[in-house]
Amino acid sequence: GAATLGHGDPAALCSQLCRQLSGVGNGASIAAAIFVSCGEPLDTASLHARAGLWEWHCDDSTQGLRCIFSGSLEQVNNKARELDRDLASRVTSEGFDGIISISADASSGGCNRQLL
């Protein structure tokens with residue numbers, strides 16, 4: 001649940017994932033991530049709740065999360081669907097070794113439908 005991995009704090013969640021991935025034989029790292037944060041618990045949040053869309057970025061000098069969009073949960077979820085399509089295409093073309101999914105929505109119309 002949220003308390004276990006720090007879902008309310010995108011940076012804490014990715015930091016925890018990085019620590020856990022560093023223990024994988026031959027190493028593992030986050031190549032891409034999409035994270036929706038919400039001012040209310042997602043299980044009970046209204047579509048009008050304030051939310052943010054975070055993306056993992058990697059370049060030559062830095063890596064980490066950055067908030068790329070904020071608005072209502074409905075707006076953020078729509079934007080997340082776009083990123084999900086892009087990420088699904090990258091997974092196919094770049095051949096990622098694995099996918100970690102936490103609290104994903106792969107149902108029909110879900111934010112993570114294309115990727116998963």
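The exercises below deal with side-chain contacts in a predicted model.

**Exercise 1. Salt bridges in helix H3**

Determine how many salt bridges the structure holds, and which residues form them.

Solution.
1. The count is 2 salt bridges.
2. One of them joins Lys 79 to Glu 82, with 3.9 Å between the closest N and O atoms. The cut-off is 4 Å, and this pair falls within it.
3. Another links the side chains of Arg 90 and Glu 94, at 3.1 Å from N to O.
4. Now place the pairs on the helix. Lys 79 and Glu 82 are 3 residues apart in helix H3 (residues 73-94), so about one helical turn separates them. Arg 90 and Glu 94 also lie in helix H3, 4 residues apart, again about one turn.

**Exercise 2. Accessibility of the charged residues**

Assign Lys 79, Glu 82, Arg 90 and Glu 94 to a class: buried, partly exposed or exposed.

Solution.
1. The class limits are under 20% for buried and over 50% for exposed, with partly exposed in between.
2. Lys 79 has 32% relative accessibility, so Lys 79 is partly exposed.
3. Glu 82, at 37%, is partly exposed.
4. Arg 90, at 32%, is partly exposed.
5. Glu 94 has a relative accessible area of 46% and is therefore partly exposed.

**Exercise 3. Rings**

Find which ring the charged end of Lys 79 sits over, and count the aromatic pairs.

Solution.
1. The charged end of Lys 79 sits over the ring of Phe 69, 5.6 Å from the ring centre. Lys 79 also takes part in the salt bridge with Glu 82.
2. For ring-to-ring contacts, the number of aromatic pairs is 0.

**Exercise 4. Nonpolar cores**

List the members of the largest nonpolar core and state which helix gives the largest share.

Solution.
1. The largest core has 9 residues: Leu 13, Cys 14, Leu 17, Leu 21, Ile 30, Ala 33, Phe 35, Trp 56 and Leu 65.
2. Helix H2 (residues 10-21) supplies the largest share of this core, 4 residues.
3. Another core, of 8 residues, lies apart from it; Ala 49, Leu 73, Ala 80 and Leu 83 are among its members.
4. As background, nonpolar side chains tend to be buried together in soluble globular proteins.

**Exercise 5. Cysteines**

State how many disulfides there are, and whether Cys 38 and Cys 67 are buried or partly exposed.

Solution.
1. With a sulfur-to-sulfur cut-off of 2.5 Å, the count is 0 disulfides.
2. Cys 38 has 22% relative accessibility and so counts as partly exposed.
3. Cys 67, at 40%, counts as partly exposed.
4. Cys 14 belongs to the largest nonpolar core.

Notes:
Residues numbered from 1 in each chain as written. Predicted model: local features only at pLDDT ≥ 70, side-chain atom pairs only at ≥ 80, totals over all residues. Heavy atoms only, no water. Helix = DSSP H or I, 4+ residues; strand = E, 2+ residues; numbered from the N terminus. Buried < 20%, exposed > 50% of the residue type's maximum accessible area, 1.4 Å probe, protein only. Core = buried A, V, L, I, M, F, W, Y, C linked by side-chain atoms within 4.5 Å. Phe/Tyr/Trp six-rings, centres within 6.5 Å; stacked < 30°, edge-to-face > 60°. Lys NZ or Arg CZ within 6 Å of the ring centre and 35° of its normal.
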